[in-house]
Amino acid sequence: MFKLNGIEKMTIEQKYRYMNNLLQSQLSSEKDALANLSNASAIINVIFHDINWAGFYFMRNEELVLGPFQGLPACNRIKVGNGVCGSAVANKKIYRVENVHEFPGHIACDCASKSEIVIPIIQNDVVYGVLDIDSPKLSRFTELEEKYLIKFVELLVEYIDFKEISK
Ligand code: SME
């Protein structure tokens, strides 16, 4: 059974460190990529406050297709270059959007979303997908979240063969 150890007493930074420790133990104890990515989205969801969506999109036949996530049902496919996720893939760059309503072409899956962070998943120089997190609060994601989410994605890239996911 999964137990959170005293998370309510942790500082925000301790929580994010704990999140990456949880991911590391998940990845080192299970080989199945789908199980790992599903629990990865659940780990983010349980650690982050003020979020309404957390999950993955993966490249399949030149477009992003929805992967494991937590939140409301979301759009199934996103073209490269479209929205925040598609821009992160096209430009191989992290997007931290303080107000999604000011982002040209933002794709609204949940109308409650106000800010968003998207981290591209890059392995051997190839973009295989993105980690996407939405918040109902403006400017929810700061450099602090970005720092720990970069580490989170680095762990995924270390343990998972994304070429297999993007087939
Ligand atoms: N807002 C994203 C689409 C995905 S949903 O937020 C889950 C975008 O603009 O790419």
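User: How many residues surround the ligand?

Analyst: In this predicted model, the closest residues to the ligand are Val84, Cys85, Ile107, Glu116 and Asp134. Counting every residue that surrounds the ligand, the number is 13.

User: How far from an oxygen atom of the ligand does a backbone N or O atom of valine 84 lie?

Analyst: Polar contacts with the ligand are pairs of N or O atoms within 3.5 Å. Histidine 106 has a polar side-chain atom 3.3 Å from a nitrogen atom of the ligand, and an N or O atom in the side chain of aspartate 132 is 3.4 Å from a ligand oxygen atom. Valine 84 takes part through its backbone, and the distance from its N or O atom to an oxygen atom of the ligand is 3.0 Å.

User: Are helix 1 and helix 4 roughly parallel or roughly antiparallel to each other?

Analyst: Helix 1 (residues 12–29) packs with helix 4 (residues 143–159) at an angle of about 5°, and their axes are 10 Å apart. Angles under 35 degrees count as roughly parallel, and therefore helix 1 and helix 4 are, relative to each other, roughly parallel.

User: Which residues of helix 1 make the contact with helix 4, and how many residues of the contact are nonpolar?

Analyst: On helix 1 the contact is made by Ile12, Glu13, Tyr16, Arg17, Met19, Asn20, Leu23, Gln24, Leu27 and Ser28. By class, the contact includes three polar and five charged residues, while the nonpolar residues number 12.

User: Is phenylalanine 69 buried, partly exposed or exposed?

Analyst: Phenylalanine 69 belongs to strand 2 (residues 63–71), and among the residues it touches are Trp53 and Ala74. Because its relative accessibility is 27%, phenylalanine 69 counts as partly exposed.

How values were computed
Residues numbered from 1 in each chain as written. Predicted model: local features only at pLDDT ≥ 70, side-chain atom pairs only at ≥ 80, totals over all residues. Heavy atoms only, no water. Helix = DSSP H or I, 4+ residues; strand = E, 2+ residues; numbered from the N terminus. Buried < 20%, exposed > 50% of the residue type's maximum accessible area, 1.4 Å probe, protein only. Contact = heavy atoms within 4.5 Å. Axes fitted to C-alpha atoms, helices over the stretch in contact; angles between N-to-C directions. Parallel < 35°, antiparallel > 145°, perpendicular 65-115°, else oblique. Nonpolar A, V, L, I, M, F, W, Y, C, P; charged D, E, K, R; others polar. Near = heavy atom within 4 Å. Polar contact = N/O pair within 3.5 Å; in protein donor to acceptor, adjacent residues only side chain to side chain. Lists of a residue's contacts leave out its neighbours within four places in sequence.
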